[in-house]
Amino acid sequence: MSGLFFAIGHERATKFLDSQLELDEDGYVVTKPGTTKTSVVGVFSAGDVQDKSYRQALPAAGTGLFSKSLFTFIEK
């Protein structure tokens, strides 16, 4: 598989990620500031599971597009 987009939905369901990715105390995926990079190389997070303020489709799309780091990773 060359890639996977996993849509979680309005209410985040990140419990299955526990011990695989770094989550904060509220269950949101922790990303490096200013990026969509997670604690695992090659795994990126956007929108509902990363953004505590908005958690909707628009922020998900915006941070998804923001993910230049994803394209840089794939190009390597």
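These are my notebook entries on one predicted model.

**Entry 1: the whole chain**

I began with the overall make-up. The chain has two helices and zero strands. Its length is 76 residues, and 25% of them are buried. I then looked up the accessible surface, which comes to about 5,600 Å². Carbon and sulfur atoms account for 59% of that surface. Last, I checked how far apart in sequence the contacting residues are. Taking contacts between residues at least 6 apart in sequence, I found that 30% join residues at least 24 apart.

**Entry 2: Phe73 and a patch**

I looked for nonpolar surface next. Which residues make the nonpolar surface patch of about 320 Å²? The patch is made by Val41, Phe73 and Ile74. I placed Phe73 in helix 2, which covers residues 68–75. Phe73 has a relative accessible area of 39%. I noted it as partly exposed because 39% falls between the limits of 20% and 50%.

**Entry 3: Ser2 and Ile74**

Ile74, one of the patch residues, came up again when I turned to the start of the chain. Ser2 sits in the segment before helix 1. Its relative accessibility is 80%, so I wrote it down as exposed. Ser2 and Ile74 are 72 residues apart along the chain, yet their C-alpha atoms are separated by 8.9 Å.

**Entry 4: Ser45**

I moved on to Ser45, which is in the segment before helix 1, a helix spanning 57–66. Is Ser45 buried or exposed? Ser45 is buried, because its relative accessible area is 5% and the cut-off for buried is under 20%. I also listed its neighbours, leaving out residues up to four places away in sequence. On that basis Ser45 touches Val29, Thr31, Thr36, Thr38 and Gln50.

**Entry 5: Gln50**

Gln50 is among the residues that Ser45 touches, so I looked it up as well. Gln50 also belongs to the segment before helix 1. At 18% relative accessibility, Gln50 counts as buried, because the limit is under 20%. What does the side chain of Gln50 make a polar contact with? The partner is the side chain of Thr31, at 2.9 Å. Thr31 is also one of the residues that Ser45 touches.

**Entry 6: Val43**

Val43 lies in the segment before helix 1. I noted a relative accessible area of 32%, so Val43 is partly exposed. Setting aside residues up to four places away in sequence, Val43 touches Leu21, Thr36, Lys37 and Thr38. Thr36 and Thr38 are also among the residues that Ser45 touches. I then took the spacing from Val43 to Thr31. The two residues are twelve apart along the chain, and 10.0 Å separates their C-alpha atoms.

**Entry 7: Gly47**

My last residue was Gly47, again in the segment before helix 1. Its relative accessible area is 0%, so Gly47 is buried. How far apart in space are Gly47 and Thr36, C-alpha to C-alpha? The distance is 9.5 Å, and the two residues are eleven apart in sequence. Thr36 had already appeared in my notes as a residue touched by Ser45 and by Val43.

Terms used:
Residues numbered from 1 in each chain as written. Predicted model: local features only at pLDDT ≥ 70, side-chain atom pairs only at ≥ 80, totals over all residues. Heavy atoms only, no water. Helix = DSSP H or I, 4+ residues; strand = E, 2+ residues; numbered from the N terminus. Buried < 20%, exposed > 50% of the residue type's maximum accessible area, 1.4 Å probe, protein only. Contact = heavy atoms within 4.5 Å. Areas by Shrake-Rupley, 256 points an atom, 1.4 Å probe, with all protein chains shown as cover. Patch = residues over 30% accessible without salt bridge, like charges linked within 9 Å, V, L, I, M, F, W, Y side chains within 5 Å. Salt bridge = Lys/Arg side-chain N within 4 Å of Asp/Glu carboxyl O. Polar contact = N/O pair within 3.5 Å; in protein donor to acceptor, adjacent residues only side chain to side chain.
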